[in-house]
Structure formats: structure tokens, C-alpha cells
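The following exchange asks how certain structural terms are earned. Each answer sets a value against the cut-off that decides the matter.

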Amino acid sequence: MAIVLGTPAVDGVREVIAALREWQCDQAPMQLHSGDIGWNYRLGTAETAAAVRTWRQDGRILAVGMLDSPTVVRMTVAPDAFRDEGLARRLVEDFSLPERGVLPEGAVSIEAPLGLLLHDLLTKEGWGVDAPWTPLFRGLAEPVEDPGVRIRTIGPEQAEDFAAVLRSAFNTSRPTREYWHAMSAGPFYGDARCLGAYDDQGNVAAAVTVWSAGPGKPGLVEPMGVHRHHRGRGYGRAITVAGAAALREMGSSSVRVCTPSSNVGAIATYKAAGFEARPEVRDRIRTA
């Protein structure tokens with residue numbers, strides 16, 4: 001049967017999320033997670049659906065991609081299709097031809113999990129590799145330690161706290177309180193927890209959103225940030241520990257995150273929160 005590339009309707013994202021949840025397991029490499037699409041709902045429901053791509057064969061979803069930007073696609077493949085040659089060749093075609101509606105001409109990048117046959121074919125086609133990222137994992141079989149600071153669940157009244165941390169942590173003016181409202185109104189926020197760490201004066205110091213893929217599946221940290229006025233005081237470790245505890249309560253088997261290897265401060269924070277670094281990964285890039 002032919003492999004069919006498509007973009008889901010708004011209601012069709014639910015099936016995509018279900019596939020991504022099913023594909024998560026502790027033994028799998030770092031890959032696109034259902035929480036990545038959940039976090040994208042901060043940009044809008046229709047916008048989220050428009051950013052998703054699926055590859056189907058005989059109606060079954062074999063691969064899922066999400067456009068992080070017009071030139072960046074993050075994707076993964078069903079576990080039993082990692083080395084499927086027909087799928088890999090179709091993916092290379094669709095990523096390489098702008099008329100297919102995935103990536104444009106010029107410089108683009110693909111985030112894909114280790115082990116895909118896709119990587120071998122991209123290398124043959126002359127695609128290069130970008131700067132390394134470091135995946136980090138923490139198992140949740142054992143109880144999680146107390147974070148040691150005041151933790152609050154972020155709700156409507158704390159939406160501006162959430163936005164303020166993101167603006168400061170990522171040095172951007174884009175996040176507003178509407179980020180939280182749009183994300184939490186999304187159809188998959190039931191899989192998430194948004195938490196804030198506060199100092200003794202009640203000022204927000206850090207925030208994290210964590211996403212479950214269901215009981216017995218690895219959860220995701222996306223995003224975590226510390227306000228610039230509270231850096232170096234352990235709030236990053238504390239809010240990450242709190243997020244891990246929340247995921248354990250939700251039944252997650254582990255928690256994972258991926259950060260640029262150049263961000264040594266973030267890596268140190270996650271390690272302090274009990275995460276272990278895994279071998280580096282690199283996006284595939286086409287420079288022209």
C-alpha cells in the first residue's frame with residue numbers, strides 16, 4: 001500500500017496524540033512526545049493542527065512530524081518502522097521537495113530519533129548535522145525527594161507568573177498570560193501539570209510544565225525556566241524535582257528532557273535534580 005502524507009483536521013490531532021503516547025517507552029530514544037504537541041496549543045488549536053504532519057499506510061499512522069517553525073520539523077516513527085526502507089525513502093522525498101508541504105527550499109533542519117534508517121538515507125543525500133543536544137532521563141520507580149521550596153500549582157490566577165518566568169528565562173517578550181490560558185484550554189492539558197516555585201516573599205522564581213503520556217510511559221519536561229532574579233539559588237533543581245514528583249503521581253515511569261549541549265547550566269540543573277545524561281544527538285540539516 002502507498003504511504004500517504006497528510007495534515008490532520010483539528011479533530012484529527014487526537015488520533016495523532018494517541019499514536020505518540022503509544023510509541024513512548026523507557027527503552028526508546030529521545031523522540032517527539034505527545035507533550036510537544038500539547039505545549040504547541042499555546043499558539044492556538046487550528047495553528048497546532050496545521051503544524052502536524054502524518055504519514056499513513058493503509059490508514060495506520062507510521063510517522064508523525066510537527067513543525068516547530070517553517071524550517072524545523074520534529075518527527076518520530078512507529079517503533080516497528082524504524083528501519084522500514086519504504087517509509088524512510090518516502091520521508092526523505094517529502095523533506096526534500098518543497099511542493100510536498102513539509103519543509104521549504106533552503107536551510108532547514110530535522111529532529112529525528114537515533115536509530116532511524118532515515119538518518120542513513122539523509123547522509124547519502126548530503127544532509128549534514130547540527131550542534132549537539134543532550135538528552136537527560138530520570139526513572140520514577142522510587143519516591144521523589146522533597147524539592148525544599150514552596151511549590152504551587154499554576155492556575156488562572158498565576159498565569160502571569162508563568163509568563164513572567166518564561167520571558168525572563170528565555171529572554172523573549174512573546175510569552176503572555178494568554179500562553180497559559182491557551183495551553184490549559186487545549187484538549188490534552190489533562191495530561192499536564194504546570195507548577196511554580198516561590199521565594200519566601202511570595203515572588204515567583206521558577207516554573208515548569210510536565211506532560212504525561214499515560215501510566216507506565218515516560219513523561220516530558222517542556223518547558224522549565226528560572227527567573228533571572230532567582231538564578232543560582234537552586235530553584236531550577238527544585239522546580240524540576242517538583243515536576244518529576246507530579247509525573248510520578250500521574251503514573252509516569254520516567255521523565256525526560258533534551259537541551260542544547262552548549263547550555264551547561266541547564267545540564268547541571270537537570271543532573272542536580274537526579275537526571276542522567278544520555279549520548280548526544282544532533283539534528284539533520286540542509287544548508288542550502
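Q: What makes helix α4 oblique to helix α5?
A: In this predicted model, the axes of α4 (residues 85–96) and α5 (residues 117–124) come within 9 Å and cross at roughly 50°. Angles under 35 degrees count as roughly parallel and those from 65 to 115 as roughly perpendicular. The crossing angle of roughly 50° falls in neither range, and α4 is therefore oblique to α5.

Q: Which residues make the contact between α4 and α5, and how do they divide into nonpolar, polar and charged?
A: From α4 the contact draws on E85, A88, R89, L91, V92 and F95, and from α5 on L117, L118, L121 and L122. Eight of these residues are nonpolar, none is polar and two are charged. As to handedness, α4 passes α5 in a right-handed crossing.

Q: Why are α8 and α9 called oblique to each other?
A: The axes of α8 (residues 235–249) and α9 (residues 264–272) come within 8 Å and cross at roughly 50°. Because roughly perpendicular begins at 65 degrees and roughly parallel ends at 35, the two helices are classed as oblique. Here too the crossing is right-handed.

Q: Which residues form the contact of α8 with α9?
A: G236, R237 and T240 of α8 meet T269, Y270 and A272 of α9. They divide into two nonpolar, three polar and one charged.

Q: How do you know whether T240 is buried or exposed?
A: The cut-off for buried is under 20% relative accessible area. T240 has 2% relative accessibility and therefore counts as buried. This residue lies in helix α8. Beyond four places in sequence, T240 touches M224, T269, Y270, A273 and F275.

Q: What puts the buried residues of helix α1 on the same side?
A: In α1 (residues 13–23), the buried residues are V13, V16, I17, A19, L20 and W23. They cover an arc of only 160° around the axis, which places them on the same side of α1. On the other side, R14 and E22 are exposed. As a general matter, an α-helix has 3.6 residues a turn, so residues three or four places apart point the same way.

Q: What covers the buried residues of α1?
A: The cover includes the helices α2 (34–40) and α3 (45–50), together with the strands β2 (52–57), β3 (60–69) and β4 (72–77).

Q: Why is T54 classed as it is, buried or exposed?
A: T54 has a relative accessible area of 4%. Since buried means under 20%, T54 is buried. Its place is in strand β2. Leaving out residues up to four places away in sequence, T54 touches V4, L5, G6, V16, I61 and A63.

Q: How does the value for V281 compare with the cut-off for buried?
A: V281 has a relative accessible area of 17%. The cut-off is under 20%, and V281 is therefore buried. V281 is found in strand β13 (residues 281–286).

Q: Which residues are in contact with V281, and how far from V281 is C258?
A: Apart from neighbours within four places in sequence, V281 is in contact with L114, A131, P132, W133, P135 and C258. V281 and C258 are 23 residues apart in sequence, and their C-alpha atoms are 9.2 Å apart in space.

How values were computed. Residues are numbered from 1 along each chain as its sequence is written. This is a predicted model: local features need pLDDT of at least 70, side-chain atom pairs count only at pLDDT 80 or more; totals for chains, interfaces and linings use all residues. Side-chain values use heavy atoms; hydrogens and water are left out. Buried means under 20% relative accessible area, exposed over 50%, partly exposed in between (1.4 Å probe, protein chains only). Helices (H or I, at least four residues) and strands (E, at least two) are DSSP runs, numbered from the N terminus. The arc is that of the directions from the helix axis to the C-beta atoms. Contact means heavy atoms within 4.5 Å. Axes are lines fitted to C-alpha atoms, for helices over the stretch in contact, and angles run from 0 to 180 degrees between N-to-C directions. Angles under 35 degrees count as roughly parallel, over 145 as roughly antiparallel, 65 to 115 as roughly perpendicular and the rest as oblique. A crossing is left-handed if the near helix is turned anticlockwise from the far one by less than a right angle, and right-handed if clockwise. Ala, Val, Leu, Ile, Met, Phe, Trp, Tyr, Cys and Pro count as nonpolar, Asp, Glu, Lys and Arg as charged, and the others, Gly among them, as polar.
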